[in-house]
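Got the viewer open? Here is a tour, stop by stop, with something to select at each one.

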Amino acid sequence: MAKSKPIIRPMTADDLETVVILEKELFSDPWPMSAFMDDLASDYSHPFVVQIDKEIAGYAILWIGVDEGHLTNIAVAKKYQRKSIAKRLLSYILRFAAESGLTQMILEVRPSNTPAIFLYESFGFARLGVRKRYYKNPVEDCLVMKKEITGVNLK
Ligand SMILES: CC(C)(COP(=O)(O)OP(=O)(O)OC[C@H]1O[C@@H](n2cnc3c(N)ncnc32)[C@H](O)[C@@H]1OP(=O)(O)O)[C@@H](O)C(=O)NCCC(=O)NCCS
């Protein structure tokens with residue numbers, strides 16, 4: 001049977017078990033369950049999932065501080081990668097950010113994470129700077145990227 005269209009919705013406590021399994025599959029230094037629980041409980045945090053039929057295909061977390069957004073996490077399950085799910089999710093988040101009155105968004109990424117950097121650059125994120133030895137397992141610098149949000153240049 002054909003899969004239904006992806007739906008993007010706020011993450012709930014019922015999603016956490018699956019999200020943590022995906023996080024372990026997708027990251028070498030995964031966030032623990034407690035980090036996602038904190039996100040669900042925080043006013044400044046806006047966690048979203050992409051659902052296809054009954055499956056969680058991906059997730060992303062946006063932190064909002066005054067007029068700046070911080071995309072702290074975005075990930076797509078391996079079986080759903082290269083199907084434009086991250087594009088949909090990032091588009092949705094940028095629109096949500098614009099509607100929330102944010103003027104810029106920043107994010108951090110491993111310089112070795114070419115797929116993610118290509119994704120961010122395709123949305124107009126520019127390289128802002130590098131934080132030395134920021135990541136662990138393996139230790140790696142962190143590339144900070146930034147996008148101005150004008151509300152008119154969203155995908
Ligand atoms: C990065 C990630 C979220 C992309 O998700 P995705 O749903 O596969 O991405 P999309 O299909 O929407 O692709 C969007 C763009 O990203 C880039 N991209 C995605 N995967 C890529 C790959 N394997 N190689 C090169 N570019 C890639 C391309 O520019 C692509 O656009 P295109 O299809 O027009 O070429 C996914 O690979 C992932 O979950 N990786 C592990 C977790 C992670 O590293 N998250 C980022 C943390 S900073």
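**First stop: Y44 and its neighbours**

Select Y44 and look for what it touches: beyond residues up to four places away in sequence, those are L62, W63 and I64. Keep in mind as you go that this is a predicted model. Y44 sits in the loop between α2 (33–41) and β2 (45–52). Is Y44 buried, partly exposed or exposed? Partly exposed, with a relative accessible area of 41%. Now add F125 to the selection and draw a distance between the two C-alpha atoms: Y44 and F125 are 81 residues apart along the chain, and those atoms are separated by 22 Å.

**Zoom out: the whole chain**

Switch to a cartoon view and colour by secondary structure. You should find four helices and seven strands. Walk from one end of the sequence to the other and the order reads β-α-α-β-β-β-α-β-α-β-β.

Next, show the C-alpha trace alone. Along its principal axes it spans about 45 × 40 × 30 Å. How does the radius of gyration agree with that of a compact globule? For 155 residues, a compact globule would come out near 15 Å, and the protein has 15 Å, so the two agree.

Turn on the surface. Its accessible area comes to about 8800 Å², and carbon and sulfur atoms account for 55% of that. Of the 155 residues, 43% count as buried. If you display contacts between residues at least 6 apart in sequence, 60% of them join residues at least 24 apart.

**Go inside: L89**

Hide the surface and select L89, which is in helix α3. With a relative accessible area of 0%, L89 is buried. What is L89 in contact with, leaving aside its neighbours within four places in sequence? Show side chains for I8, F48, V50, G58, Y59, A60 and I74, and you have the list. For a sense of distance, add E17: the C-alpha atoms of L89 and E17 are separated by 20 Å, with their positions 72 residues apart along the chain.

**Colour by charge**

Colour the charged side chains next. There are 21 positive and 19 negative charges, and their mean positions are 8 Å apart. The structure holds seven salt bridges, and three of these are worth a click.

- **K79 and E55.** The closest N and O atoms of this salt bridge are 3.1 Å apart. K79 lies in the loop between β4 (68–76) and α3 (85–99), while E55 is in strand β3 (residues 55–65), so the pair ties together parts that are 24 residues apart in sequence. K79 is exposed, at 52% relative accessible area, whereas E55 is partly exposed, at 28%.
- **E121 and R127.** Here the closest N and O atoms are 3.0 Å apart. E121 counts as partly exposed, with 34% relative accessibility, and R127 is exposed, with a relative accessible area of 52%.
- **E148 and K146.** In this salt bridge the closest N and O atoms are 3.4 Å apart. E148 is partly exposed at 44% relative accessibility, and K146 is partly exposed too, at 23%.

**Backbone oddities**

Switch to sticks for the backbone. Most residues other than glycine have a negative phi, and most peptide bonds are trans. The next three selections go the other way.

Start with the peptide bond from N137 to P138. Cis or trans? This one is cis, with omega near -5 degrees. P138 lies in the loop between β6 (126–135) and β7 (140–148).

Then select S84. Its phi is near 70 degrees, a positive value in a residue other than glycine. Where does S84 sit? In the loop between β4 and α3. S84 is partly exposed, with a relative accessible area of 39%.

Last, pick R133, another non-glycine residue with a positive phi, this time about 45 degrees. R133 is in strand β6. With a relative accessible area of 62%, R133 is exposed.

**Before you close the viewer**

Try selecting L89 and R133 together and showing the surface again. L89 is buried, while R133 is exposed.

Methods:
Residues numbered from 1 in each chain as written. Predicted model: local features only at pLDDT ≥ 70, side-chain atom pairs only at ≥ 80, totals over all residues. Heavy atoms only, no water. Helix = DSSP H or I, 4+ residues; strand = E, 2+ residues; numbered from the N terminus. Rg over C-alpha atoms; globule rule 2.2 N^0.38 Å. Buried < 20%, exposed > 50% of the residue type's maximum accessible area, 1.4 Å probe, protein only. Contact = heavy atoms within 4.5 Å. Areas by Shrake-Rupley, 256 points an atom, 1.4 Å probe, with all protein chains shown as cover. Lys, Arg positive; Asp, Glu negative; His and termini not counted. Charge placed at Lys NZ, Arg CZ, Asp CG, Glu CD. Salt bridge = Lys/Arg side-chain N within 4 Å of Asp/Glu carboxyl O.
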